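Here are a few exercises on how two parts of a protein meet. Grab your viewer and work through them before peeking at the solutions.

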Amino acid sequence: MVLGLGTGSTAKHAVDRIAELLHQGKLKNIIGVPTSKKTHEQAVSLGIPLSDLDTHPVLDLAIDGADEVDPFLNLVKGRGGSLLREKMVESVCKKFVVIVDESKLVSHLGGSGLAMPVEIVPFCWKFTAKRLQELFEDSGCVAKLRTCLEKNQPFVTDNGNYIVDLYFKKDIGDLKVASDAILRLAGVVEHGMFLDMATTVIVAGELGVAIKHKQ
């Protein structure tokens, strides 16, 4: 199988486990396509064979975490900063399995009050951030440039871009309309709403594990 390897604290455990099963001989003929430089380094250190989308433009399965999951299995991803590569890999998977704990479940995207990331080009980033904020004025949107805590410098993605985090006070309404409006802005590279992509969400909670499948 060709397998998309996610990024972040939850996905890291999945990558560790895949390597373990490979070394035990329980998994064979696995090729991984990593969604970030960090996951690439982790997979190389664990001896997982790797490839890329140029060689494998269709993947059998991707496994990743998410920052928010709504009742329709739409996701917010990218608080770790790898949303562009994650979306490129996970949009060409036959199956996309998301692993979360129940704290990530929301009634609507943006509902946690935490960031919905948008990857933008560094050129005139303030201008782009202002336009993003104005798009969602009715939802009480605040747009903030993501910075590295230790240096107070802009956070830079694996692709050399910046991330603007959007915070909403109210529901942003039709997600596909919102998605199109964001992507139409010159200066925007990609956003962290993953709509109609997850096929299965595995939710860990106090009472055990629940599995939700796309309807």
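The exercises below go through the domain interface of this predicted model.

**Exercise 1.** Work out which residues make up each domain, and what distance separates the domain centres.

*Solution.* Start with the split: domain 1 takes in 2-102 + 195-206, while domain 2 covers 116-190. Next, take the centres over C-alpha atoms; they lie 24 Å apart.

**Exercise 2.** Find how many residues touch across the interface, how much area is buried, and which three residues of domain 1 supply the biggest part of its buried area.

*Solution.* First, count contacts, using heavy atoms within 4.5 Å: 16 residues of domain 1 meet 14 residues of domain 2. Then turn to area: the two domains bury about 1,200 Å² between them, with 59% of that on carbon and sulfur atoms. Finally, look at who contributes on the domain 1 side: L83, L84 and L195 provide 39% of what domain 1 buries against domain 2, more than any other three residues.

**Exercise 3.** Now go for the polar side: how many salt bridges and polar contacts cross the interface, and which helix gives domain 1 the largest share of its touching side?

*Solution.* Begin with the salt bridges: there are two across the interface. K87 pairs up with E190 in a salt bridge, and their closest N and O atoms sit 3.1 Å apart. Add the polar contacts, and you get seven residue pairs between the domains. As for the helix, it's α3 (residues 83-90), which supplies four residues to the side of domain 1 that touches domain 2. To wrap up, sort that side by class: four residues are nonpolar, five polar and seven charged.

Conventions:
Residues numbered from 1 in each chain as written. Predicted model: local features only at pLDDT ≥ 70, side-chain atom pairs only at ≥ 80, totals over all residues. Heavy atoms only, no water. Domains from an automatic or database assignment. Buried area = accessible area lost by both parts, 1.4 Å probe. Salt bridge = Lys/Arg side-chain N within 4 Å of Asp/Glu carboxyl O. Polar contact = N/O pair within 3.5 Å; in protein donor to acceptor, adjacent residues only side chain to side chain. Helix = DSSP H or I, 4+ residues; strand = E, 2+ residues; numbered from the N terminus. Nonpolar A, V, L, I, M, F, W, Y, C, P; charged D, E, K, R; others polar.
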